[in-house]
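Colleague: Could you take me through one part of this model closely, and then show me how the rest of the chain fits around it? I'd like the cut-offs spelled out as you go.

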Amino acid sequence: MGFLSLLLVASMPIVQVLLIGVIGAFLASGYSKILTSSALRDMNKVVFTVFTPSLMFASLAKTVTLSDVISWWFMPVNIGITFIVGGTLGWIACKILKPPQHFRGMIIAFCSAGNLGNLLLIIVPAVCDEDGNPFGKDRSLCRSRGLSYSSLSMALGGLFIWTHTYSLMQKAGKMYHKMQSKSIQCPADSDEEHPAQGDDQVKVDGETAYADEESALPVSAKLAPEHNEENQMEAPLLTCEREIANKGGFWTNLKETVHQVVEELMAPPTVSAILGFVVGLVPWLKSLVIGDGAPLRVIQESLQLMGNGTIPCITLILGGNLTQGLRKSVLKRTVIITIVCIRYVILPLIGMAVVHAAYGVGFLPHDPLYRYVLMMQFALPPAMNIGTMAQLFDVGQEECSVIFLWTYLIAAIALTTWSTIFMSILS
């Protein structure tokens, strides 16, 4: 399988995402004005409560079996490692680069949460259809196994994303709005205006001051005479964060923590994933819903139909947010470069080492396609659901769009390169 052929296979799903994103950007632009801010917000709610849960349930209930869970037990461990390693690297990057506090959870989310479903569902079967692939001459068998691996990856990834990543974005949103609320008086506000306001200017003494896109510091801090030094500018924000963190006693914090855990577990995507696992693992339940002769197969077909709208809707929302992100983002370029390096350089190298070690000690079955999927889970671009969460919690929407733009542009080359490397190792 030549490099040019592989380039075509690996880049097609990325190109599809970019093309649909361009359509979303046009619909949200001044030429069309179809995807307004309120329309994007409402569309996100539909994706969160209807489309994503439907896709996860339909995929899990149809694909997962008890024997698969037993033989593929290392996949959730592998995905957990991607989140732990990526999150740790993101946390280290935040400590070094010192972005605003309400952006740190988002940065960690981008470093830890990969697109574990959508791209694999397209890339893996497409690789199986190519002549000379290292996964066997029987294309139909390769596609069937590849779809099963990819579906399980999407379902397990959804569980991690809608618990771990959801929690990070929720905390970022709460911190951002608490710092802006009147109940906590902070000397310096966040470094971006509220997205709903659509304002990227600040009036001071009758003159207009624009936020510097290279700066991660609040505009108000840069304009105030008493905050000329960098350490003086960061101090008010850190003080404000400590006031937020220290608010309330032990029992109050415990109650909030329990409430947050319950809220995350009761999120529609998480509930649907759990139900999908139950239906898939219990044979008599699966026979009621899945199969041509199932009496309740109309439920599965209806959920599958609604789930098919998840990917295009998320991509349109991504493109719609780009129209604001390119103008208003104040995120440092070094942050974007760091996220790209973590996702496309450091994580894939760690992934090769993890999968090789796991295979060496006998944790993995002798199936090169399974190991290929495990390696690819370390090399994927960020999960597009992060953009949905940013819209839900009204925080960092423009910054999310800019990060998505660069990471998915680079993904066309990065995914092709790593796919070639992984298959050469497994062949």
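The part in question is helix 15 and the loop that comes after it.

Colleague: How many residues does helix 15 have, where is its kink centred, and what does Pro365 touch in the loop between helix 15 and helix 16?

Modeller: Happy to. This is a predicted model, in which local features need pLDDT of at least 70 and side-chain atom pairs count only at pLDDT 80 or more, while totals for chains, interfaces and linings use all residues. Residues are numbered from 1 along each chain as its sequence is written, and side-chain values use heavy atoms, with hydrogens and water left out.

Helix 15 covers residues 333-360, which is 28 residues. Helices here are DSSP runs of H or I with at least four residues, strands are runs of E with at least two, and both are numbered from the N terminus. From first to last C-alpha, helix 15 reaches 40 Å, close to the 40 Å expected; the expected span is 1.5 Å times one less than the number of residues. Even so, helix 15 has a kink of about 35°, centred on Ile342. The bend at a residue is the angle between axes fitted to the seven residues ending there and the seven starting there. UniProt, in an unreviewed entry, lists residues 335-357 among its transmembrane regions; such annotations may be inferred rather than shown by experiment, and the positions are given in the numbering used here, with feature names shortened.

After helix 15 comes Gly362, with a positive phi near 90°. Pro365 sits in the loop between helix 15 and helix 16 (368-376). With a relative accessible area of 28%, Pro365 is partly exposed: buried means under 20%, exposed over 50%, and partly exposed in between, with a 1.4 Å probe and protein chains only. Leaving out residues up to four places away in sequence, Pro365 touches Ser71, Tyr359, Tyr370 and Arg371, where contact means heavy atoms within 4.5 Å. The C-alpha atoms of Pro365 and Phe74 are separated by 9.8 Å, although the two are 291 residues apart along the chain.

Further along, Tyr372 brings us to the core. Met75 and Tyr372 touch the most other members of the largest nonpolar core, which has 96 residues. Helix 18 (residues 397-426) gives the largest share of this core, 12 residues. A nonpolar core is a set of buried Ala, Val, Leu, Ile, Met, Phe, Trp, Tyr and Cys residues joined through side-chain atoms within 4.5 Å. Beyond neighbours within four places in sequence, Tyr372 is in contact with residues including Ile123, Phe135, Phe422 and Leu426. Another core lies apart from the largest one and has seven residues, among them Ala58 and Val279. Val279 is one of the buried residues of helix 11.

For contrast with Gly362, Lys98 has a positive phi of about 50° without being a glycine. Most residues other than glycine have a negative phi. Lys98 lies in the loop between helix 4 (74-97) and helix 5 (101-112) and is partly exposed at 42%.

As for the whole protein chain, there are 18 helices and two strands, and 53% of the 427 residues are buried. Among contacts between residues at least 6 apart in sequence, 82% join residues at least 24 apart.
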